[in-house]
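Grab a pencil and get ready to work through a few exercises. Take a look at the structure first, then try each task before reading its solution.

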Amino acid sequence: MLRIFSGKSTDNDPFCGVVMGDKVKDTPTGFTGVAIARAEHMTGCNQLYVLPKSDKENEIKDGHWFDIERIEKIGDRAVVVEARRTGADVPAPRADGAKLPHGGSAA
């Protein structure tokens with residue numbers, strides 16, 4: 001018997017212990033891959049975007065969105081993204097060429 005909805009979501013962990021980069025499986029279909037995005041809805045229908053492993057080098061396969069209740073975690077942190085500066089961390093350029101200090105504002 002196929003059993004889904006076995007994950008226990010709490011107010012503090014709406015994704016049942018699954019973090020970005022974990023290897024996961026969609027229970028009904030057997031679709032496996034790495035969780036690379038998540039959507040948290042106010043109605044509680046939280047979802048993960050799962051990207052499968054490619055069979056060939058330089059091949060890109062389509063991922064799919066799945067409700068968290070269908071997901072089984074099968075491996076910890078298959079992918080780890082190191083901390084880095086992104087567009088939100090980099091001060092915007094100014095017309096006068098002055099640079100703002102990191103994390104600060106102009107005086």
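Here are three exercises on this predicted model, each with a worked solution.

**Exercise 1.** Work out the order of the strands in the open sheet, and find which strands sit at its edges.

*Solution.* Start with the general idea: strands of a sheet pair through backbone hydrogen bonds, either parallel or antiparallel. Here, five strands line up as S4-S3-S2-S1-S5, with antiparallel pairing. Now look for strands that pair on one side only: these are S4 (64-67) and S5 (71-75), the edge strands. Neighbouring strands in this sheet are turned by 50° against each other on average, ignoring direction. To zoom in, take S1 (residues 23-26), which pairs with S5 over four bridges. One residue to check is Val24, whose bridge partner in S5 is Lys73.

**Exercise 2.** Decide whether Phe66 is buried or exposed, then find the nonpolar core.

*Solution.* Buried means under 20% relative accessible area. Phe66 comes out at 9%, so it counts as buried. Next, list the largest nonpolar core: it has nine residues, including Phe66, Val24 and Ile71. Then follow Ile71: leaving aside neighbours within four places in sequence, its contacts include Val18, Val24, Leu48, Val50 and Phe66.

**Exercise 3.** Describe the aromatic pair of Phe31 and Phe66, and say why it links distant parts of the sequence.

*Solution.* First, the count: there are two aromatic pairs. The Phe31 and Phe66 rings are 5.4 Å apart centre to centre, with 45° between the planes, and the pair is tilted. Finally, place the partners: Phe31 lies in the loop between S1 and S2 (32-39) and Phe66 in S4, so the pair ties together parts 35 residues apart in sequence.

Definitions and conventions: Residues numbered from 1 in each chain as written. Predicted model: local features only at pLDDT ≥ 70, side-chain atom pairs only at ≥ 80, totals over all residues. Heavy atoms only, no water. Pairing = 2+ DSSP bridges. Helix = DSSP H or I, 4+ residues; strand = E, 2+ residues; numbered from the N terminus. Axes fitted to C-alpha atoms, helices over the stretch in contact; angles between N-to-C directions. Core = buried A, V, L, I, M, F, W, Y, C linked by side-chain atoms within 4.5 Å. Buried < 20%, exposed > 50% of the residue type's maximum accessible area, 1.4 Å probe, protein only. Contact = heavy atoms within 4.5 Å. Phe/Tyr/Trp six-rings, centres within 6.5 Å; stacked < 30°, edge-to-face > 60°.
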